[in-house]
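Take a look at the chain below. The text after it walks through the fold, one region at a time.

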Amino acid sequence: MPRFKENDLPKAKLNASTLSKALLIFNYADNHKWKFYLGLIFLLLTGGTALAFPKLLGLLVDCVNGKDLEQAKNIALGLMGILLLQSFFSFFRLSLFINFTENTLANIRLSLYSNLIKLPMTFFSQKRVGELNSRISSDITQIQDTLTTTIAEFLRQFILIIGGIIFLATISLKLTLMMLCIVPIVAVAAVIFGRFIRKFSKNVQDQVAESQVIVEETLQGISNVKAFANEWYEIARYKGKINDVVKLAIKGGIYRGYFASFIIFCLFGAIVAVVWYGVSLCISGEIKGVGELISFVLYSTFIGASFGGIAELYAQIQKAVGATERVFELLDEKPEKINATQNHSLEKIKGNVTFKNVQFSYPSRPEIQVLKDVNFTASFGQKIAIVGPSGAGKSTISSLLLRFYDIDGGEILIDDKNIYDYDLENLRGNMSIVPQDVILFGGTIRENIAYGKPNATDEEIFLAAKQANALDFVNGFPEKFETLVGERGIKLSGGQRQRIAIARALLKNPSILILDEATSSLDSESEKLVQQALETLMEGRTSIIIAHRLSTIRSADAILVLNEGKIAEKGTHKELLTIENGIYKNLSNLQFSEY
């Protein structure tokens with residue numbers, strides 16, 4: 001599953017359109033906006049006090065010429081006061097920005113998750129969930145870092161550049177122009193060179209990772225390697241990759257050598273050039289005193305460092321704007337119509353199901369018609385089985401009943417009412433599905449059963465487990481109902497997971513039950529227990545049984561045989577067996593001849 005690193009995040013061009021989109025973040029700040037604006041005030045104060053520091057330090061050095069100890073003492077106290085104020089302002093700046101960011105991002109995270117979970121199945125069928133999850137995580141982290149520190153640091157560096165140049169111009173316009181011609185250019189060049197070195201180092205790391213993939217693959221498949229006597233082939237493959245790593249790393253070492261030489265000669269050379277020119281101006285009397293020269297050097301250092309830092313910060317802001325755009329793209333996705341309140345009343349339906357000339361193609365494959373003019377009726381209390389070869393459209397019928405997708409033609413009626421006239425939560429609230437591959441949540445057995453009815457009592461959960469033939473194995477665990485099932489229910493066997501799913505469905509007490517090959521992957525003993533539980537579950541409700549094993553549907557009231565998207569045959573088990581060369585008869589002969 002691919003994961004996105006911060007360096008992999010694409011940047012967005014900063015223009016009026018992208019910035020206006022990014023500013024939508026403030027819509028999620030609620031009553032915390034004032035913290036951001038107050039933080040900006042403290043940011044300005046932090047920048048102002050930072051600019052005062054070199055000036056006062058220069059005045060302190062000039063006290064040597066006048067041998068004025070009292071003045072030196074006052075200036076030193078002023079410097080300490082400046083540092084104290086700067087510490088005070090910085091504390092509140094950081095605290096306010098963090099407070100604003102965390103509250104705003106909490107609202108964005110909640111809105112994003114709420115919107116995502118309400119999106120239709122068509123969205124998730126076209127997106128990779130792992131990639132989606134990873135992208136959201138990376139984007140939110142990027143926005144968080146930017147709002148917490150990057151914007152503030154960018155503005156602080158900008159204040160230091162503008163303020164520093166103004167202070168420098170008051171000391172010496174000639175020296176300022178000379179400094180601006182050298183220091184910022186060298187500083188920005190150092191940043192660009194540094195980013196190139198980091199990118200090259202990343203390529204080396206990627207090559208090392210690729211070589212580790214070879215190690216991982218060969219060790220995991222060591223039996224295949226030895227069975228094909230391919231040890232020398234794998235050694236040669238690994239050696240080739242290692243040689244690539246060495247070549248790239250050596251090349252990177254040469255670039256780092258160039259970078260070190262550049263820093264030593266160019267960056268420090270630029271500082272030396274500015275100091276030399278400043279000294280010459282000081283000697284000629286154009287700069288008054290050593291103190292002003294020291295102030296100038298400090299301001300030049302501030303400006304050089306700020307020029308170097310602001311380029312990197314600008315790139316981070318570009319990434320954050322891009323991340324914001326992607327987050328709002330997800331927030332702009334149209335969700336399904338879900339009730340605004342959690343505890344809404346459920347209107348009970350009887351459970352008569354009718355498919356009339358239903359046609360359907362998946363949005364991701366519109367050229368392939370999965371269902372073609374499908375017609376059938378399932379009356380209340382009936383067991384309707386759907387069989388057929390793989391890809392015939394059996395599971396699609398359950399997806400359409402649950403309104404995971406919209407049909408292309410025809411209509412689906414429940415209790416003689418169009419399925420699209422029902423409230424979505426009310427419709428799904430009257431249905432339960434027991435799938436072939438049961439996915440449990442990583443909590444306790446109690447929590448997983450109660451998922452069918454979150455406000456269920458302990459007695460109701462106990463009864464559902466008993467009816468689902470799950471009570472014996474649940475009581476066999478030391479923690480009983482408080483047993484943790486592990487991620488996706490990995491700590492339980494397939495039969496145990498199925499019975500938990502049946503207990504969950506029983507607790508929900510649906511009018512329409514969908515069994516999607518619920519026993520096809522179980523062994524004989526588990527299948528018997530699960531089948532008994534399913535018989536209990538199917539009593540008094542309409543059941544749609546999608547089956548692979550025909551032995552489980554012999555008692556169905558009607559069996560529909562799907563083939564190439566159409567209902568090719570319809571009838572009871574006995575009736576279908578009388579059809580000469582029938583699809584069902586052939587399937588039956590194939591399956592039962594295996595035993």
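What follows moves from the whole chain to its cores, then to one helix, and ends with single residues.

This is a predicted model. The chain folds into 18 helices and 10 strands. It has 595 residues, and 43% of them count as buried. Contacts within the chain reach far along the sequence. Take those between residues at least 6 apart in sequence: 78% of them join residues at least 24 apart.

Start with the interior. In soluble globular proteins, nonpolar side chains tend to be buried together. In this chain, the largest nonpolar core has 41 residues. Ile449 and Leu537 have the most contacts inside it. Which elements build this core? Eight of them each supply at least two residues: the strands β3 (383-387), β7 (512-516) and β9 (558-563), and the helices α12 (445-449), α13 (458-467), α14 (471-475), α15 (494-508) and α16 (524-538). Helix α15 gives the most, with seven residues. Apart from this core lies another, of 33 residues. Val353, Ile407, Leu427 and Leu560 are among its members.

Now zoom in on Ile449. Leave out residues up to four places away in sequence, and Ile449 touches Ile461, Ala464, Ala465, Phe481, Ile500, Ala503, Arg504 and Leu507. Ile461, Ala464 and Ala465 in that list lead straight to the next stop, for they are the buried residues of α13.

Which way do the buried residues of α13 face? Ile461, Ala464 and Ala465 cover an arc of only 100 degrees around the axis, so they sit on the same side of α13. The spacing fits a general rule. An α-helix has 3.6 residues a turn, so residues three or four places apart point the same way. On the other side of α13, Glu459 and Lys466 are exposed. The cover over the buried residues of α13 includes α12, α14 and α15. After the helix comes Asn469, with a positive phi near 60 degrees.

How do α13 and α15 pack? Their axes are 8 Å apart, and the angle is about 125 degrees. An angle from 65 to 115 degrees would count as roughly perpendicular, and one over 145 as roughly antiparallel. The value for this pair falls in neither class, so α13 is oblique to α15. The crossing of the two helices is right-handed. On the α13 side, the contact is made by Glu460, Ile461, Ala464, Ala465 and Gln467. On the α15 side, Ala503, Leu506 and Leu507 take part. Ala503 and Leu507 are also among the residues that Ile449 touches.

Next come two loop residues with unusual backbones. Most residues other than glycine have a negative phi, and most peptide bonds are trans. Asp416 is not a glycine, yet its phi is positive, at about 65 degrees. Asp416 lies in the loop between β4 (409-414) and β5 (417-418). Is Asp416 buried or exposed? Its relative accessibility is 69%, so Asp416 counts as exposed. Lys480 is the other case. Its phi is near 50 degrees, again positive in a residue other than glycine. Lys480 lies in the loop between α14 and α15. Its relative accessibility is 39%, so Lys480 counts as partly exposed.

Three more residues complete the tour. Thr104 is in helix α3 (residues 69-118). Its relative accessibility is 0%, so Thr104 counts as buried. What does Thr104 touch, not counting residues up to four places away in sequence? The partners are Ile25, Tyr28 and Ala29.

Ile250 lies in helix α8 (residues 231-283). The relative accessible area of Ile250 is 53%, and the cut-off for exposed is over 50%, so Ile250 is exposed. Ile250 and Val204 are 46 residues apart along the chain, and their C-alpha atoms are separated by 9.8 Å.

His548 sits in the loop between β8 (542-546) and β9. With a relative accessible area of 49%, His548 is partly exposed. His548 and Leu587 are 39 residues apart along the chain, while 9.7 Å separates their C-alpha atoms.

Note on methods
Residues are numbered from 1 along each chain as its sequence is written. This is a predicted model: local features need pLDDT of at least 70, side-chain atom pairs count only at pLDDT 80 or more; totals for chains, interfaces and linings use all residues. Side-chain values use heavy atoms; hydrogens and water are left out. A nonpolar core is a set of buried Ala, Val, Leu, Ile, Met, Phe, Trp, Tyr and Cys residues joined through side-chain atoms within 4.5 Å. Buried means under 20% relative accessible area, exposed over 50%, partly exposed in between (1.4 Å probe, protein chains only). Helices (H or I, at least four residues) and strands (E, at least two) are DSSP runs, numbered from the N terminus. Contact means heavy atoms within 4.5 Å. The arc is that of the directions from the helix axis to the C-beta atoms. Axes are lines fitted to C-alpha atoms, for helices over the stretch in contact, and angles run from 0 to 180 degrees between N-to-C directions. Angles under 35 degrees count as roughly parallel, over 145 as roughly antiparallel, 65 to 115 as roughly perpendicular and the rest as oblique. A crossing is left-handed if the near helix is turned anticlockwise from the far one by less than a right angle, and right-handed if clockwise.
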